Amino acid sequence: GKLNGPRTQLEWHDGLIEQSSKLRAPDLRNHIASSVTDLVGWTPTVMLNKVTAGLPGRVAVKMECLNPFSSVKDRTALALIEDLERQGKLIPGGENQPLEMTSGNTGIGLAWVAAAKGYKLTCTMPSAYSDERKALLLALGTDLHLTDKLDGPAGMLARASELEEENPHLMMTRQFEAAANVRVHYQQTGPEIWSQSQGRVDFLVATAGTGGTITGAGTFLKEQKPGVEVVAVEPLEGAYWTTGCGGPHPVQGVSPGLDVPTLDRSLFDEVLTAPSAEAMQMCHRLAREEGMFVGPSSGLAIHGAIQLASRPENEGKLVVVIAPSFGERYLSSPPWAQFMEEARKLPTKLLTEEEKPKA
Ligand code: PMP
């Protein structure tokens, strides 16, 4: 049955949307793209094979890591910037510049989209985040403002508001409030899944951070086929939708433990949970058994997809699950940090004179 929850307060889904015209179809086999921004979307969807062996249901993974900067948020970032352009708040070559508070993939998405379009992104993020993330943002030309970890997410917001007040040319992109964040998944991610599965999709499984992905894609798929079930997955340690009480958990980018305008919980047919440690183990299995290197939220979502595919009543059903990001962005954090450790400790062998190749 349906879960109770607030409907999204956003007017993102109105009569103005013409879904099919928005679905870009670049044919990269006989076409040179004009900008990296043209490479966003149309990510492949691929079957799981080994980790689902013997299960009644089938699982296909939408590989959002194959966007230009390796995450689903490349779609959102481009949509947020282009929406501000449509509103006239950002003009290429103009004085106004984008501003966002984010530590994550949205920041990286906004940074490269800004670079490609000739803007300078200003970003606030907690100092505690990894040096790799900071370096990536700096390399893309971002003006980065760090806030103390003691101030938490509120610190990022406070600093961003301060910057916005100091500089009237900074335009906040507001991923947690922007209709464009949901709309892009209604116009692209949902239709792509519909097209790639040729309408055979029975379940859409996803994690949610802002909720843009699951709300937009889920709404589109239910409109095509009302029987499609939208299933959210959250970490057991931060099971806000299941228990009403969030909590700290290690799955970056998802389940912030609050209600946000970009998430429509009334769309959820079911919420599944998985312990974070099992989500992380799933990442390891996907690497070694499927050759798929994805981030923790993908491990969590796929854990949920496998729970569904394991149910006898889902015999022959097709579960499509969103894998939001690529594993390499998390090499210094779970679930990959252990391999960094292992890599550092690998023994080396010095060749003896006899073993050395003769010139
Ligand atoms: N996984 C990762 C790694 C993310 O960065 C995000 C975005 N915060 C999500 C999942 C969730 O996507 P959405 O914001 O569209 O719910």
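The chain has 11 helices and 10 strands, where helices (H or I, at least four residues) and strands (E, at least two) are DSSP runs numbered from the N terminus. This is a predicted model, in which local features need pLDDT of at least 70 and side-chain atom pairs count only at pLDDT 80 or more, while totals for chains, interfaces and linings use all residues. Residues are numbered from 1 along each chain as its sequence is written.

**Exercise 1. Overall build**

Work out how compact the chain is, using its radius of gyration and the globule rule.

Step 1: take the radius of gyration over C-alpha atoms, and get the globule rule from 2.2 Å times the number of residues to the power 0.38.
Step 2: the chain comes out at 21 Å, close to the 21 Å that the rule gives for 359 residues, so it is as compact as a globular protein of that length.
Step 3: add the spans of the C-alpha trace along its principal axes, about 70 × 55 × 50 Å.
Step 4: call a residue buried if 20 or more other C-beta atoms lie within 10 Å of its own, exposed if 12 or fewer, and partly exposed in between, with C-beta atoms placed from the backbone. Buried residues then make up 45% of the 359.
Step 5: count two residues as in contact if their C-beta atoms, placed from the backbone, lie within 7 Å. Of the contacts with a separation of 6 or more, 71% are between residues 24 or more positions apart.

**Exercise 2. Two oblique helix pairs**

Describe how α2 packs on α3, and then do the α6 and α7 pair.

Step 1: fit the axes as lines to C-alpha atoms, for helices over the stretch in contact, and let angles run from 0 to 180 degrees between N-to-C directions. Helix α2 (residues 73-86) meets helix α3 (residues 105-117) at about 50°, with the axes 8 Å apart.
Step 2: classify the angle, with under 35 degrees roughly parallel, over 145 roughly antiparallel, 65 to 115 roughly perpendicular and the rest oblique. That makes α2 oblique to α3.
Step 3: get the hand, which is left-handed if the near helix is turned anticlockwise from the far one by less than a right angle, and right-handed if clockwise. For α2 passing α3, the crossing is right-handed.
Step 4: list who touches whom. On the α2 side you'll find Lys73, Asp74, Thr76, Ala77, Leu78, Leu80 and Ile81, and on the α3 side Asn105, Thr106, Gly109, Leu110, Val113, Ala114 and Lys117.
Step 5: sort by class, where Ala, Val, Leu, Ile, Met, Phe, Trp, Tyr, Cys and Pro are nonpolar, Asp, Glu, Lys and Arg are charged, and the others, Gly among them, are polar. The α2 and α3 contact has seven nonpolar, four polar and three charged residues.
Step 6: on to the other pair. Helix α6 (residues 179-196) packs against helix α7 (residues 212-224) at about 50°, with axes 7 Å apart, and the two are therefore oblique to each other.
Step 7: α6 passes α7 in a right-handed crossing. Among the residues that meet are Tyr186, Ile193 and Trp194 in α6 and Phe220 and Leu221 in α7. By class, this contact has nine nonpolar, 10 polar and one charged residues.

**Exercise 3. The α9 and α10 pair**

Find the packing angle of α9 and α10, and the residues that make the contact.

Step 1: helix α9 (residues 276-290) and helix α10 (residues 296-309) pack at about 95°, with axes 7 Å apart. That makes α9 roughly perpendicular to α10.
Step 2: α9 brings Glu278, Ala279, Met280, Met282, Cys283 and Leu286, while α10 brings Pro296, Gly299, Leu300, Ile302 and His303.
Step 3: the tally is eight nonpolar, two polar and one charged residues.

**Exercise 4. Backbone oddities and one threonine**

Locate the cis peptide bond, and then look at tryptophan 42, arginine 174 and threonine 242.

Step 1: the cis bond joins proline 334 and proline 335, with omega about 5°. Proline 335 lies in the loop between β10 (318-323) and α11 (337-345).
Step 2: tryptophan 42 has a positive phi of about 50° although not a glycine. Tryptophan 42 sits in the loop between α1 (19-22) and β1 (45-47) and, with 17 C-beta neighbours inside 10 Å, counts as partly exposed.
Step 3: arginine 174 has a positive phi near 50° and is in the loop between β6 (170-172) and α6. Its 19 C-beta neighbours inside 10 Å make arginine 174 partly exposed.
Step 4: threonine 242, in helix α8 (residues 240-243), touches Glu234, Val271 and Thr273, not counting residues up to four places away in sequence. The C-alpha atoms of threonine 242 and valine 271 are 6.8 Å apart, with their positions 29 residues apart along the chain.
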